[in-house]
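Reader: I am new to this structure and would like to understand the reasoning behind the words used for it. Could you take me through it step by step?

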Amino acid sequence: VGSDSLVMKMVGKPVPESGMPGWLGEIMAFAMRNVGPKGISFARYSIDYHILRNYLHVLDVWGDERAMICLPRYARDIVD
């Protein structure tokens, strides 16, 4: 997933050149369906994940000072 590679790059971790093998993706999907968050918990997780991803992107592209001016307070509160 491109967004996950984006986050990995922003936090300084190596970015894999290719995607996850299909068989491993099937195992991960099974685990997320059966063990991962469901319902409202999944919604909260998803929102928090996307806010974090966007926060890291804005910091990387705009820098700290401009990002703090432009990012909404609720996003900064979630990340803090």
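Author: Let us begin with a pair in a helix: Asp77 and Arg73 are 4 residues apart in helix 5, so about one helical turn separates them. Please keep in mind that this is a predicted model.

Reader: What makes Asp77 and Arg73 a salt bridge?

Author: The closest N and O atoms of Asp77 and Arg73 are 2.8 Å apart, and because a salt bridge requires a side-chain nitrogen of Lys or Arg within 4 Å of a carboxyl oxygen of Asp or Glu, the pair qualifies as a salt bridge. By this rule the count comes to 1 salt bridge.

Reader: Why is Asp77 called partly exposed, and why is Arg73 called partly exposed?

Author: Partly exposed covers what lies between the cut-offs, buried being under 20% relative accessible area and exposed over 50%. Asp77 has a relative accessible area of 43%, and is therefore partly exposed, while Arg73, with 48%, is partly exposed too.

Reader: How do you know that Arg76 has no salt bridge?

Author: The side chain of opposite charge nearest to Arg76 is that of Asp77, at 6.8 Å, and since a salt bridge needs the atoms within 4 Å, Arg76 is left without one although it is buried. Arg76 belongs to helix 5, which spans residues 73–79, and, residues up to four places away in sequence not being counted, it touches Tyr55, Met68 and Leu71.

Reader: What makes Leu71 part of a nonpolar core?

Author: A nonpolar core joins buried residues of kinds such as Leu, Val, Ala and Tyr through side-chain atoms within 4.5 Å, and the largest one here has 6 residues, namely Tyr55, Leu56, Val58, Leu59, Ala67 and Leu71. Helix 3, residues 40–62, gives the most to this core, with 4 residues. Leaving aside neighbours within four places in sequence, Leu71 is in contact with Tyr55 and Val58, as well as with Arg76. In soluble globular proteins, nonpolar side chains tend to be buried together.

Reader: Why is Met32 called partly exposed?

Author: Met32 has a relative accessible area of 39%, which is neither under 20% nor over 50%, so the middle term applies. Met32, in helix 2 (residues 22–34), forms a nonpolar surface patch with Phe42 and Tyr45, and together they have about 290 Å² of accessible area.

Reader: How many helices and strands are there in the chain, and what share of the residues is buried?

Author: The chain has 5 helices and 0 strands, and buried residues make up 19% of its 80 residues.

Notes. Residues numbered from 1 in each chain as written. Predicted model: local features only at pLDDT ≥ 70, side-chain atom pairs only at ≥ 80, totals over all residues. Heavy atoms only, no water. Buried < 20%, exposed > 50% of the residue type's maximum accessible area, 1.4 Å probe, protein only. Helix = DSSP H or I, 4+ residues; strand = E, 2+ residues; numbered from the N terminus. Contact = heavy atoms within 4.5 Å. Patch = residues over 30% accessible without salt bridge, like charges linked within 9 Å, V, L, I, M, F, W, Y side chains within 5 Å. Areas by Shrake-Rupley, 256 points an atom, 1.4 Å probe, with all protein chains shown as cover. Lys, Arg positive; Asp, Glu negative; His and termini not counted.
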